[in-house]
Amino acid sequence: MTFAPLRFALFLAGIFVVLAGIILAPGSLKLTGHEGDTIHSLDIAYRLAAGARPHVDVMTPLGMLAFLPLQLFLERGFGPGMSFLMGQTAVALVLLPGIWWVGMSRLTGWLRLFYGAGMVILAMALIFG
């Protein structure tokens with residue numbers, strides 16, 4: 001019996017927990033660029049949280065899933081900065097099973113670990129705009 005699936009899952013979970021701890025630490029959101037895109041994203045998320053309908057009341061080339069994580073946390077009373085950070089953390093959490101599956105079914109050895117770490121880091125890297 002091999003423990004590779006469990007070890008890979010624990011490896012991904014460990015990277016996720018460390019990055020989530022860093023990301024969700026107070027004062028970890030610093031806007032250093034793309035302020036206009038950030039304001040635009042917040043405007044759309046606030047409108048959707050107030051009941052606006054995408055592509056009817058709010059025009060954007062992006063789909064509903066682009067703003068859903070931000071909107072969900074805004075609706076629950078979190079501030080805009082924490083909503084951005086919690087949204088990206090939630091998206092990364094949803095992607096973890098898929099990352100695990102691809103790593104286990106298609107890769108072996110160190111390549112699996114590099115892929116898993118890279119995908120978790122990529123999912124948790126906040127890019128404004």
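Helices here are DSSP runs of H or I with at least four residues, and strands are runs of E with at least two, both numbered from the N terminus. Just after α3, Gly77 adopts a positive phi of about 95 degrees.

The model is predicted, so local features need pLDDT of at least 70 and side-chain atom pairs count only at pLDDT 80 or more, while totals for chains, interfaces and linings use all residues. Residues are numbered from 1 along each chain as its sequence is written, and side-chain values use heavy atoms, with hydrogens and water left out.

## Helix α4

Thr89 is placed in helix α4, which covers residues 80-106. The expected span of a helix is 1.5 Å times one less than its number of residues. For the 27 residues of α4 this gives 39 Å, and the end C-alpha atoms are 38 Å apart, which agrees. A bend is the angle between axes fitted to the seven residues ending at a residue and the seven starting there. In α4 a bend of about 40 degrees occurs at Leu95, and the proline Pro97 follows within four residues.

Accessibility is given in three classes: buried is under 20% relative accessible area, exposed is over 50%, and partly exposed is in between, using a 1.4 Å probe and protein chains only. The buried residues of α4 are Ser83, Phe84, Leu85, Met86, Gly87, Gln88, Thr89, Ala92, Leu96, Ile99, Gly103 and Met104. Their packing partners are α1 (4-23), α2, α3 (68-75) and α5 (109-123). Contact means heavy atoms within 4.5 Å.

Thr89 has a relative accessible area of 10% and is therefore buried. Not counting residues up to four places away in sequence, Thr89 touches Phe16, Ala20, Ile23, Leu24 and Met124.

## Helices α2 and α3

Ser41 belongs to helix α2. With a relative accessibility of 17%, Ser41 counts as buried. When neighbours within four places in sequence are left aside, the contacts of Ser41 are Phe67, Leu70 and Phe84.

In α3, the buried residues are Pro69, Leu70, Gln71, Phe73 and Leu74. The cover over these buried residues of α3 includes α2 and α4.

## Salt bridges

Side chains of opposite charge can pair when their charged atoms come close. A salt bridge is counted when a side-chain nitrogen of Lys or Arg is within 4 Å of a carboxyl oxygen of Asp or Glu. The whole structure contains three of them.

| Salt bridge | N to O distance |
|---|---|
| Asp43 and Arg47 | 3.1 Å |
| Arg53 and Asp57 | 3.4 Å |
| Glu75 and Arg76 | 3.7 Å |

Asp43 and Arg47 both sit in helix α2 (residues 35-49), four residues apart, about one turn of the helix. An α-helix has 3.6 residues a turn, so residues three or four places apart point the same way. Asp43 is partly exposed, with a relative accessible area of 34%, and Arg47 is partly exposed at 43%.

Arg53 is partly exposed, with a relative accessible area of 48%, and its partner Asp57 is partly exposed at 41%. In the remaining bridge, Glu75 is partly exposed at 40% relative accessibility, whereas Arg76 is exposed at 56%.

## Aromatic rings

A pair of aromatic rings is described by the distance of the centres and the angle of the planes. Rings of Phe, Tyr and Trp (its six-membered ring) pair if their centres lie within 6.5 Å; planes under 30 degrees apart count as stacked, over 60 as edge-to-face and the rest as tilted. The structure has three aromatic pairs. One of them joins Phe73 and Phe78, whose ring centres are 5.9 Å apart with planes at 70 degrees, so the pair is edge-to-face. Phe73 is buried, with a relative accessible area of 17%, whereas Phe78 is partly exposed at 34%.

The rings of Trp110 and Phe114 have centres 6.4 Å apart and planes at 35 degrees, so this pair is tilted. Trp110 and Phe114 are four residues apart in helix α5, about one helical turn. Both Trp110 and Phe114 are exposed.

A charge sits over a ring if NZ of Lys or CZ of Arg is within 6 Å of the ring centre and within 35 degrees of the ring normal. Arg112 lies over the face of Phe8, at 5.9 Å from the ring centre.
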